[in-house]
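User: I am in my first year and would like a close look at how two helices pack against each other in one of these chains. Please set that part into the rest of the structure as you go.

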Amino acid sequence: MRQGREYLDPAFLSKLANMDLVARCAVEGFFAGLHPSPFHGFSVEYSDHRQYHPGDELKFVDWKVFGRSDRLYIKRFRQETNATVYILLDTSNSMSFAGNPVRKVPDGTFRAAQPCSHGVRKIDYACFLAAALSYLMLSQGDSTSLMLFAETVVKQIPPKSKHTHLNAILTALQSTSPSGRTNLANVLHVFAEATKRRGMVILISDLLDDEGDIYKGLAHLKFLKHDVIIFHTMDHQELNLGYEGLIEFEDLESKARLQTFPQSIRDSYRKRVAEFLDEVQKTAGKSGIDYCLLDTSQPLDKALIAYLARRKRMM
Amino acid sequence: MSFVQWTFLLGGLAVVGPLIAHLLAKPRFRRVPFTMLRFLRSGQIESQSRRKLRDLLILLLRCAIIVLIAMLFAQPILHIRPKPQRTRNVYYVGLDNSMSMAYSDGSDSYIDRAIESAIGYIQAAGTDSVFNICPLASPDWLQGLSKEQAMVAVKGLKVSPASAKMGDFLSALGRTKRDALSGDVTSVLLVSDFTPNTLKQLPNVQEPAETHNIDYKPIVSPEPINNAAIIEAHASEVVGGRIGIDVTVANYGQTEQTRLLTAKVKASESVLAEVSLPPNQRRTYQAQVDIGGSEREQLSLPIELSLSPGDGLRQDDTFYLAVSMPERKSLDVLLARNTANEMFLVATALYTLSRMKPDGAFKMRQVLLSDLASADLGSADILICSAITAPLERMASALRNFVRAGGRIIFFLTGEPAYNATAQLWQQDVLPALPRKYTPEKIYVEPKPLQQQGSAVDNLAAEALANYRIDNMPFKGWWQCEPHAQSRCLWKFKDDQGFIYCKSIGDGKSILVNTSADNSLGSLTKSSASVAFCQYLLGANSQVSENSFAYGEPVSLPVPGVEATSGQQQFWVETCDAQKCRVALSKSSLLVPDPGGIGWVKTLGKPAIYAGVNLPQGETDMTKPVSKELAEIMSRVFSRDTEPGVASADVFGDKKQTSLWKVFAWTLIFLLLLEPAIANRLKR
C-alpha cells in the first residue's frame with residue numbers, strides 16, 4: 001500500500017517525463033492502495049468473485065456458489081456506462097506558481113524551505129490530476145473531454161470514449177504552458193452554451209477570479225443539469241504564506257508588486273484566505289457542487305476519491 | 001539632578017549611531033512571484049503603520065539604553081526640593097486681655113480700644129488671609145480663621161484675671177511658624193498696654209520669633225493714670241476677738257490717691273485706715289479687724305478688703321483674704337526621760353507656756369524611756385525624748401506610725417546615742433539626721449534660726465529667740481550629723497554644723513536637737529529664752545493661717561479635722577463665677593482646678609471654708625511704656641524673615657540628595673530585557 005501511494009506523490013510524478021506513464025502510475029497506485037475497493041459492484045457486466053467480508057451488501061452474495069460450496073462469495077461487476085466527463089483545466093499564469101518545498105518547524109506549522117526551486121507548479125499538479133482522471137474514465141468507458149482555458153478557451157478536445165482518445169488528451173496536457181490571465185466566469189458561460197449534452201464537469205483551477213462571476217458561471221452549469229466537481233488547486237504557500245524576511249511579491253498575472261514583511265501580515269492573510277475558501281465551499285455546497293481543495297504538496301488520491309464518490313452518486 | 005562624573009555624559013553622544021543607522025538603512029526586499037496579492041494588501045495597510053511605530057519604538061528604546069548607560073556612569077544625584085506652595089498670608093494677632101486692659105480713663109476701656117485696633121488691622125488684610133487670634137491671658141488660641149471669623153472672635157474677647165503670658169505667646173508662635181507651609185508669609189500684630197508686668201517677661205525670651213512682618217500697638221491713655229490697688233494682705237494673729245491684718249496698697253497711677261481702706265467681714269463693714277499715697281508709691285497699713293464671735297463659730301473667715309471710692313480699674317481695689325482660725329484644743333505632750341529630773345526644765349517651760357496661752361494649754365505626762373510603750377503614744381500629740389536610748393529600738397516602727405499620723409517627735413542628743421536604736425530609727429526614716437561623731441569642743445549657734453516657711457517650728461518664737469543673744473552662750477560639744485535627704489536644717493552652729501534638723505513624715509514632724517536637753521534648755525533657764533525655745537520646737541498653734549491665692553495658682557481649701565482618704569469624700573464647692581462643682585477630698589484639702597475668676601471659692605455646707613482668689617501681684621501696674629524702650633525690646637524679641645517660605649525649608653533640612661544610580665540601573669536592565677522582546681515581536 002505504501003508503495004502504491006508513492007505513485008500518487010506529485011513530486012514523484014513530476015519526475016516522470018511521459019504523461020501516459022504519469023496517468024497510469026497515478027491510477028494504478030491509487031487502486032493498489034484501496035483494499036477492498038468500494039468502487040466495484042455498480043455495473044451489470046460480471047467481472048470476478050471475491051470472498052465475502054462482514055459489511056458487504058447481501059444483495060451481491062452469489063447464493064448459487066454458497067449452495068454448492070457452502071461458502072459466501074461476492075460477485076463483482078465491471079462498469080459499463082456512457083457518461084460524459086468534461087475536464088476544464090485552468091492554464092492561466094497564476095497556475096504557474098510553485099511555492100517552496102515545505103518543511104515542518106518545531107511549532108507544528110509548515111514553513112517554506114530555501115531555496116524555492118523544487119516546488120511542483122500548480123499547472124503540473126493539475127495536469128497530473130487531469131491525466132489520471134482521463135485514464136481512469138476512459139478505462140471505464142466514459143466519454144472524456146478536455147478543455148484548456150485562461151482568459152478564453154485555449155484548446156478543447158471533444159468527448160470520446162475510445163481508449164486511444166487518451167493519447168490526444170495526454171498530448172494536450174503535456175504541451176500546455178501557463179499564459180494569460182484568468183477569466184473563469186467567461187469561460188464557464190462559453191462552455192455552458194457550447195455543450196449540448198449534460199454530464200460531469202470537472203473544474204481544475206485556482207479560482208483566482210472575481211468570486212461573484214465564478215459563482216454565476218457555476219450556477220449556469222448547474223442550471224444545465226451538469227454534475228460539477230471543483231478541484232481547487234492551491235499551493236501550500238498560498239494557503240499559509242510561510243515566507244520569511246523582507247519580500248517584494250510580484251503578481252504573476254497583473255505584474256503588480258507589493259513590498260511587505262510576511263511575518264507581520266501572516267495571520268491576517270491566513271484569516272482572509274480561510275474566509276475566501278470557506279465562502280467558496282459554502283456557495284458550492286448550496287449549489288450542489290462538489291468542492292475539493294487540493295494542496296499541491298499533497299498526493300493525488302484525495303482528488304481521485306472525490307471523483308469516484310461523485311461518480312457513484314451519479315450511477 | 002546633578003552628576004558626580006559628568007564627563008561620562010559625553011558617552012551619550014553615541015546615540016547618534018542608531019539614529020543615523022535608522023535614517024540611512026534601506027530594507028532589502030527579495031522578489032517572489034505570487035498569486036494572491038489581493039489578500040496581502042488588506043493586511044498590509046494595518047501592518048505598515050504598526051511596523052513604523054515599532055521601528056520608532058525600538059529606535060527610541062536603543063537610544064534610551066545608550067543614554068542611560070552614559071548617565072549611569074556619570075552617577076546621577078537627585079536634589080529634592082519641596083514643591084513651592086501658593087503664597088498665603090497668615091496673621092497672628094496677639095491681643096492682651098489681661099486685667100490691666102480693663103482700665104478705663106472715663107471713655108473707652110483699654111480692651112475696647114485694643115479690639116477696635118485689631119479689627120482695623122484685620123479689615124485691612126486680604127480676603128484670603130488666615131488669622132490666628134491669640135488672647136495673651138487665655139490659653140485658648142483661635143487658629144485658622146477667615147477674615148469674618150477673626151472679626152467675630154476679636155469682638156467677643158473678654159478680659160481675663162490672668163496676666164499676659166508673652167513667653168507662651170512667643171514660643172507658641174515659633175512652633176506654629178515652624179509647622180506652617182513653606183509659602184506662608186507670616187505677620188504678627190501685638191496689641192497690649194505693655195505694662196511692666198508684661199514687659200518684664202520679654203527679656204527672658206531665649207530665641208527671637210521669626211516673622212515677616214511685625215506690628216505692635218501700645219494701648220495707653222492720654223490722661224494721667226488713676227489707679228490704686230491692694231496688692232497684698234496678711235493676717236497675723238487673733239487677739240481678743242480682733243485679727244491683725246497687714247494690708248499693702250500701691251499707687252500704680254500718676255495721680256495722688258486719697259482713699260478709704262475698708263474691711264468687710266460677713267455683713268459688717270468697717271473702715272480700717274485712710275490711704276494717702278503719692279504716685280508710684282506703696283505702703284503697708286496695719287489694722288485690726290473685729291471679728292466678734294466669728295472666731296469661735298467657724299474655722300474659716302472671709303475678709304473682703306476694699307479701697308473706696310473707685311478709680312479707673314475697680315477690679316484691683318478689692319482683695320479677698322480668707323483666714324483660718326487657730327485650733328483651740330490643748331496638746332498632749334509626752335516627756336520620755338532617761339533619769340528622774342532630766343526633763344525638769346522642759347516641763348517647767350511647758351508649764352509656763354500653758355499659763356501664757358489663754359487659747360490652749362499643754363497636758364504633760366512623763367514616762368521613763370525604758371518604760372515607753374506604744375500605748376503611751378495613743379493619746380499623745382508631741383513626744384519629747386531626752387536621749388536616744390536602747391528601748392527606742394523596739395519602738396522605731398511605732399514611732400514612725402506616730403509621726404505619720406500627725407504627731408511630733410523631738411529628739412535631744414544626751415550622751416552617746418544607742419547604736420542599734422539610732423540605726424533602727426534611721427532605717428525607719430524617723431531620724432532627720434544621723435549622729436556620727438561627738439566633738440567635745442565649745443561651739444556657738446547662729447544668732448537666729450534660718451527663716452523657714454511652713455509650720456514645722458514657730459517662726460514668731462524664732463524671731464523672739466534672736467533677741468536673747470543665744471549666740472553668746474557656749475555649748476559643751478556637738479555631734480557631727482549626716483542629714484537625711486528629705487530633712488532640713490533649721491538652725492546652724494557657727495561653723496556650719498547643724499544644730500536643729502527637721503523632717504516631715506506624713507502629716508507629722510520629727511526634730512533632732514544636736515545637744516542635750518540640759519545644754520539647750522538648761523543654759524537658758526536664767527532667761528525666758530527657754531520658753532521661747534520650747535515654743536519654737538513645739539511649733540505654732542495660735543497663729544491664723546491664710547487662704548489667699550493669686551489667679552493662676554492652684555487653689556486648695558484645707559479641711560482640718562476631716563479624716564478621709566483620697567476620693568472617699570466629696571464636697572460641693574462654689575467658685576468665683578458662682579458655679580458649683582464637686583471636689584474630692586485629698587490629703588485633708590480640696591483642690592479646685594479652676595477658680596473661675598477672682599473672688600471667693602467656698603465650700604457649700606459645713607464646714608464652711610473660704611479661699612480668696614486675687615489678681616496676680618503687679619498685674620494692674622499701669623505704668624506707661626517708654627516708646628523707645630518698647631521698640632528696642634520688640635526688635636530683640638522678633639526677627640524679620642526676609643525670604644518667605646524658602647528659608648524655613650532650608651533651615652529644617654527639607655532639601656535632600658538621593659543617589660539615582662539604582663533607579664537608572666534597574667531601568668537599564670528592564671530596557672535591555674524589553675529590547676529583544678520588541679525586536680523579536682517585530683520579526684514575527
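Analyst: What follows starts from one pair of helices and then moves outward to the chains around it. Please keep in mind throughout that this is a predicted model.

The part to look at closely is the place in chain B where helix H12, residues 459–466, packs with helix H14, residues 529–538. The angle between the two helices is about 150 degrees, and their axes are 8 Å apart. Because angles over 145 degrees count as roughly antiparallel, H12(B) is roughly antiparallel to H14(B). The way in which H12(B) passes H14(B) is a left-handed crossing. On the side of H12(B), the residues that take part are B:Ala461, B:Ala462, B:Ala464 and B:Leu465, and in H14(B) they meet B:Ala529, B:Ala532, B:Phe533, B:Gln535 and B:Tyr536. Sorted by class, the residues of this contact are eight nonpolar and one polar, with no charged residue.

A second pair in chain B can be read in the same manner. Helix H3, residues 110–124, packs with helix H4, residues 147–155, at an angle of about 175 degrees, and the axes of these two helices are 10 Å apart. With an angle over 145 degrees as the condition, H3(B) and H4(B) are therefore also roughly antiparallel to each other. Here B:Ile115, B:Ala118, B:Ile119 and B:Ile122 of H3(B) meet B:Lys147, B:Ala150, B:Met151, B:Val154 and B:Lys155 of H4(B). The classes in this contact are seven nonpolar and two charged residues, with no polar residue.

Both pairs belong to chain B, which holds 17 helices and 35 strands. Of its 684 residues, 36% count as buried. If you take the contacts in chain B between residues with a separation of 6 or more, 76% of them are accounted for by residues 24 or more positions apart.

Two loops of chain B hold backbone details that are worth finding in the picture. In the loop between strand E15 (300–308) and strand E16 (318–324) of chain B lies B:Pro309, and a cis peptide bond, with omega about -5 degrees, joins B:Ser308 to B:Pro309. In the loop between strand E13 (268–277) and strand E14 (282–290) of chain B lies B:Asn280, which has a positive phi of about 55 degrees although it is not a glycine. B:Asn280 has 13 C-beta neighbours inside 10 Å, so it counts as partly exposed.

Chain A can be described along similar lines, with 11 helices and 12 strands. Buried residues make up 41% of its 315 residues. Among the contacts in chain A between residues at least 6 apart in sequence, 74% join residues at least 24 apart.

A helix to pick out in chain A is H5, residues 122–139, whose 18 residues should span 26 Å at 1.5 Å a residue, and the end C-alpha atoms are indeed 26 Å apart, which agrees. Because 17 of the 18 residues of H5(A) are buried, this helix is largely enclosed by the rest of the structure. H5(A) is followed by A:Gly141, which has a positive phi near 90 degrees.

Two further residues of chain A show how burial is judged. A:Leu207, in the loop between strand E8 (200–205) and helix H8 (211–223) of chain A, has a positive phi near 55 degrees, although this residue is not a glycine. A:Leu207 has 21 C-beta neighbours inside 10 Å and so counts as buried. A:Asn186, by contrast, is placed in helix H7 (residues 184–194) of chain A, and its 16 C-beta neighbours inside 10 Å are why A:Asn186 counts as partly exposed. The C-alpha atoms of A:Asn186 and A:Val153 are separated by 9.3 Å, while the two residues are 33 residues apart along the chain.

Lastly, the two chains touch each other, in a contact that takes 26 residues from chain A and 21 residues from chain B. On the side of chain A, strand E10 (247–251), strand E11 (257–260) and helix H10 (262–286) each supply at least two residues. The largest share of that side, seven residues, comes from H10(A). By class, the side of chain A that touches chain B has 13 nonpolar, seven polar and six charged residues.

Conventions:
Residues are numbered from 1 along each chain as its sequence is written. Chains are lettered from A and ligands numbered from 1 in the order in which they are written. This is a predicted model: local features need pLDDT of at least 70, side-chain atom pairs count only at pLDDT 80 or more; totals for chains, interfaces and linings use all residues. Axes are lines fitted to C-alpha atoms, for helices over the stretch in contact, and angles run from 0 to 180 degrees between N-to-C directions. Helices (H or I, at least four residues) and strands (E, at least two) are DSSP runs, numbered from the N terminus. Angles under 35 degrees count as roughly parallel, over 145 as roughly antiparallel, 65 to 115 as roughly perpendicular and the rest as oblique. A crossing is left-handed if the near helix is turned anticlockwise from the far one by less than a right angle, and right-handed if clockwise. Two residues are in contact if their C-beta atoms, placed from the backbone, lie within 7 Å. Ala, Val, Leu, Ile, Met, Phe, Trp, Tyr, Cys and Pro count as nonpolar, Asp, Glu, Lys and Arg as charged, and the others, Gly among them, as polar. A residue is buried if 20 or more other C-beta atoms lie within 10 Å of its own, exposed if 12 or fewer, and partly exposed in between; C-beta atoms are placed from the backbone. The expected span of a helix is 1.5 Å times one less than its number of residues.
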